[in-house]
Amino acid sequence: SSSITVTAPTNFEISSDNTTWVSSFLISQSGGLVNAAPVYVRLKSGLAVATYSGVNITLVSTGTTTQNVSCSGVVLTAPTITAGATPSASVCSTTTVGLTSTGSGLTSIYWTGPNSYYSTQPNPSLGAVTSANAGTYTVTGSAFSGVNLLTNGDFESLNTGFGSSYGYVASGSGVLATGGLPPNYQGEGLYSITSQSATVLNSYFRAVTPESGSYQMVVNGATSNGIIAWSESVSVAPGVNYQFSYWVQDVGNINHSILQLYVNGVPAGGINTAGNSWQQFVYNVSSGTNTELQLTLINENTNAGGNDFALDNVIFQQAFPVSSSVTLAVVSTPAAVSVTIAASASPIYSNAPVIFTATPVNGGTTPTYQWKVNGTNAGTNSPTYTYTPAKSDNITCVLTSNYLCTTGPATSNQLTVIK
């Protein structure tokens, strides 16, 4: 009949509304009863990078036994990431371009870009680009809390902590091979938690052991649409990023299972096909305004032949993403480069100084000038050239533009000394 005092351990703070954070608060009784109430917990700000564990939130009420709820947290180094492109972010059409990323404190990286571009490689190649490849490419990297918010994602606690619309049968010889759900009763729509898939199926199926640990969820795929293979509701903080991941492997030989993740009943991410070895699939999700997310995996393949899979190490953890972008410019049409020269005297006579001036077209911001007298290099890298010519000398200038894509160096008109 007493109220409950909730107290946070050292380095942690708690809240009843996820807004006001304190070291202790009271959950009041009413009419001798204490109604269920949420308790939010987080690490205090300003702590050093480290893991904080082995401590308890205490719940104390007069006349009752003190209850302890263990909690742990981790302070990570803030991740960094920078996007780039090689050889440059501005290139000519048909140039082979690679995207680059550098950073620290990152566990996973993925790229997005024009035309639904997606890659999980840190430094992917775009190949020989065209104008269709132009646009902004964004690389996102994340650090993760390392704290799995799921109750039994590795199935080491056996058949507890998650939901399923499939029928459960305890591990035993061939238990998933017969006795299934309608319409064909051949084991379809059943699952078991086991250390070896061949134990619960039969010799027709491949022998699959857990991705790690001692147990896995082995599923004989249902033949009806919308049957939930695995699900769990998770409390989340609004406006926070999370990552959901799982490992899956096919245990049959044909018609591989196809898994779709649903978040609060809405399809999230792509459809993932189980292969003949363990594969991890990852989806990043923001909680938005939600305080709870319903995570569901449904097998979209309803073929009775094959369509069986093993699931292991399902993880839902907080993510700390950082992003950086690079904008790729692709020039399709080369700029036509030209140059003309003129003399300070006309006609040009020998034995008197003459100033020659070059006028470029599409020369760029820092063009290069190479003056020539009778085909031999002369002068300096300058738009003007002062020279005392001899009779019959021929003067030209070669212009090299610093524009990105051009038609190449251009040679000017020729001026000749006549006397």
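Leaving aside neighbours within four places in sequence, which residues is Leu-158 in contact with? The reply comes in point 7, once the surroundings are in place.

1. A word on the source before anything else. What you have above is a predicted model, so please read the points below as a description of that model. Residue numbers run from 1 along the chain.

2. Let us start with the overall build. The chain has 31 strands and one helix. Along the principal axes, its C-alpha atoms fill a box of roughly 120 × 60 × 30 Å. The radius of gyration is 35 Å, whereas a compact globule of 419 residues would have one near 22 Å. Among the contacts with a separation of 6 or more, 67% are between residues 24 or more positions apart.

3. Next, the surface and the charges. About 20,100 Å² of the chain is exposed, and 50% of that comes from carbon and sulfur atoms. Of the 419 residues, 39% count as buried. The chain carries 6 positive and 13 negative charges, and the mean positions of these two groups are 41 Å apart.

4. Now for the inside. In soluble globular proteins, nonpolar side chains tend to be buried together. The largest nonpolar core here has 32 residues, and the members that touch the most others are Met-217, Trp-230, Phe-244, Tyr-246, Leu-295, Leu-311 and Phe-316. Several strands give two or more residues to this core, including β16 (216–220), β17 (228–235), β18 (241–250), β22 (292–299) and β23 (308–331). Another core, of 19 residues, lies apart from it, and Val-337, Tyr-369, Ala-378 and Leu-399 are among its members.

5. Phe-244 is a good residue to click on if you want to see the larger picture of that first core. Not counting residues up to four places away in sequence, Phe-244 touches Leu-150, Trp-230, Leu-261, Phe-281, Val-282, Tyr-283, Leu-295, Leu-297, Val-314, Ile-315 and Phe-316. Trp-230, Leu-295 and Phe-316 also appear in the list of members with the most partners in the core.

6. Is Trp-278 buried or exposed? Trp-278 sits in the loop between β20 (266–273) and β21, and it counts as buried because its relative accessibility is 18%, with the cut-off set at under 20%. Its contacts beyond four places in sequence include Val-208, Pro-210, Glu-211, Trp-247, Gln-249, Leu-311 and Asp-312. Leu-415, by contrast, is 137 residues away in sequence from Trp-278, and their C-alpha atoms are 75 Å apart in space.

7. Here is the reply to the opening question. Once neighbours within four places are set aside, Leu-158 is in contact with Asn-152, Ile-193 and Tyr-215. Leu-158 belongs to the loop between β13 and β14 and counts as partly exposed, at 37% relative accessibility. Between the C-alpha atoms of Leu-158 and Ser-286, which are 128 residues apart along the chain, the separation is 29 Å.

8. Its partner Asn-152 is worth a look too. Asn-152 lies in the loop between β13 (135–144) and β14 (167–168), and at 4% relative accessibility it counts as buried. Apart from neighbours within four places, Asn-152 contacts Ser-157, Leu-158, Thr-160, Gly-161 and Phe-162. Its C-alpha atom is separated by 20 Å from that of Ala-237, 85 residues apart along the chain.

9. Where are the cis peptide bonds to look at? One joins Thr-86 and Pro-87, with omega about 10°, and Pro-87 is in the loop between β7 (80–86) and β8 (90–92). Another runs from Ser-346 to Pro-347, with omega near 0°. Pro-347 is placed in the loop between β24 (338–343) and β25 (354–361).

10. Finally, two asparagines with positive phi. Asn-18 has phi near 65° and lies in the loop between β2 (12–15) and β3 (24–27). Asn-18 is partly exposed, at 24% relative accessibility. For Asn-362, phi is near 60°, and its place is the loop between β25 and β26 (368–373). Asn-362 is also partly exposed, with a relative accessible area of 30%.

Notes:
Predicted model: local features only at pLDDT ≥ 70, side-chain atom pairs only at ≥ 80, totals over all residues. Heavy atoms only, no water. Core = buried A, V, L, I, M, F, W, Y, C linked by side-chain atoms within 4.5 Å. Buried < 20%, exposed > 50% of the residue type's maximum accessible area, 1.4 Å probe, protein only. Helix = DSSP H or I, 4+ residues; strand = E, 2+ residues; numbered from the N terminus. Contact = heavy atoms within 4.5 Å. Rg over C-alpha atoms; globule rule 2.2 N^0.38 Å. Areas by Shrake-Rupley, 256 points an atom, 1.4 Å probe, with all protein chains shown as cover. Lys, Arg positive; Asp, Glu negative; His and termini not counted. Charge placed at Lys NZ, Arg CZ, Asp CG, Glu CD.
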